[in-house]
Amino acid sequence: RAVKAYKVAVYLRKVAFAKRAAAIKRKVVLVRDAKRWAVKAHGAHVRAKKMNILMIAAKKEMIKVRASYKLWVHRLRKAASAAAKKRAEEKVKQLKIQLAHRVRHHRALLAKERNLRAIWMKLRRANAVAKRAIVAVVRRTNHWRKVYKTQNAKRIRALRIRNHLINKAKIAASHMRIAIAAQKVANRRRQLAIRRHAKAVAFRNL
């Protein structure tokens, strides 16, 4: 029973050690990924902030051009002379082209800012998932380390019991050999005594 307990404890200790090693390896991978995602998320956040600043500036410029465009459209309607009307028409045409360019530029920057923000949020979520996974892996590592220590203590205890029983068996075998030798000596003496007794009886009957 002690030998069986020793073998079971050794096997379970090996299993716990392997699972703990796998959990530690997984933790190392997750920590490395979490650090990489954190760095990438920070970079995406910085780029999104810069793009947001550029987008706001482009929006202000677009609003300014739109206000100028509306003002010159109003001046075109109210133009009194042909020269003023021609000048207003040229200005309206120029501002219309400029406004279209500003609108396209603002929309492009807005799309880039949204994409960068989406990347940032995705990396933040990935980092949060990695952190939760790290917590789970640490919990699993601690569990298998506890199992390993428990099974190791059982292995040591079973090993001590086995060695103690082996020593007892060796002592018992030594005592058995001594007892068998003593029994043989006693048997020889008994046979000798029986033969002497027979001789004595025969001598008395003469």
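**Close-up views of a two-helix model**

**View 1. Ile 119 is found in helix α2.** This is a predicted model, where local features need pLDDT of at least 70 and side-chain atom pairs count only at pLDDT 80 or more, while totals for chains, interfaces and linings use all residues. Residues are numbered from 1 along each chain as its sequence is written, and side-chain values use heavy atoms, leaving out hydrogens and water. Helices here are DSSP runs (H or I, at least four residues), numbered from the N terminus. Ile 119 has 41% relative accessibility, so it counts as partly exposed (buried is under 20% relative accessible area, exposed over 50%, partly exposed in between, with a 1.4 Å probe and protein chains only). Now look along the chain to Ala 181, which is 62 residues away from Ile 119 in sequence. Their C-alpha atoms are separated by 90 Å.

**View 2. Helices α1 and α2 run alongside each other in opposite senses, being roughly antiparallel.** Helix α1 covers residues 2-77 and helix α2 covers residues 82-204. Their axes (lines fitted to C-alpha atoms over the stretch in contact, with angles from 0 to 180 degrees between N-to-C directions) come within 3 Å and cross at roughly 170°. The pair is therefore called roughly antiparallel, a label for angles over 145 degrees.

**View 3. Helix α2 has 123 residues from end to end.** From its first C-alpha to its last, α2 reaches 178 Å. That is close to the 183 Å expected at 1.5 Å a residue (1.5 Å times one less than the number of residues). At the N-terminal end of α2, look for Ser 81, which acts as a cap. A side-chain oxygen of Ser 81 lies 3.2 Å from the backbone nitrogen of Ala 84.

**View 4. Phe 17 and Tyr 148 bring their rings together.** The count of aromatic pairs comes to one (ring centres within 6.5 Å; planes under 30 degrees apart are stacked, over 60 edge-to-face, the rest tilted). Here the centres are 5.8 Å apart and the planes stand at 45°, so the pair is tilted. Phe 17 sits in helix α1 and Tyr 148 in helix α2, so the pair ties together parts that are 131 residues apart in sequence. Phe 17 is partly exposed at 46% relative accessibility, and Tyr 148 is partly exposed with a relative accessible area of 25%.

**View 5. Ile 161 has its place in helix α2.** With 42% relative accessibility, Ile 161 counts as partly exposed. Find Ala 2 as well: Ile 161 and Ala 2 are 159 residues apart along the chain, yet their C-alpha atoms are separated by 6.3 Å.

**View 6. Arg 196 is another residue to find in helix α2.** Arg 196 counts as exposed, at 57% relative accessibility. From Arg 196 to His 164 there are 32 residues in sequence and 47 Å in space, C-alpha to C-alpha.

**View 7. Met 51 takes us over to helix α1.** At 15% relative accessibility, Met 51 counts as buried. The partner to look for is Glu 89, 38 residues from Met 51 in sequence. In space, Met 51 and Glu 89 are 35 Å apart, C-alpha to C-alpha.

Notes. Helices (H or I, at least four residues) and strands (E, at least two) are DSSP runs, numbered from the N terminus. Angles under 35 degrees count as roughly parallel, over 145 as roughly antiparallel, 65 to 115 as roughly perpendicular and the rest as oblique. A polar contact is a pair of N or O atoms within 3.5 Å; within protein, one must be able to donate a hydrogen and the other to accept it, and residues adjacent in sequence count only if both atoms are side-chain atoms. Rings of Phe, Tyr and Trp (its six-membered ring) pair if their centres lie within 6.5 Å; planes under 30 degrees apart count as stacked, over 60 as edge-to-face and the rest as tilted.
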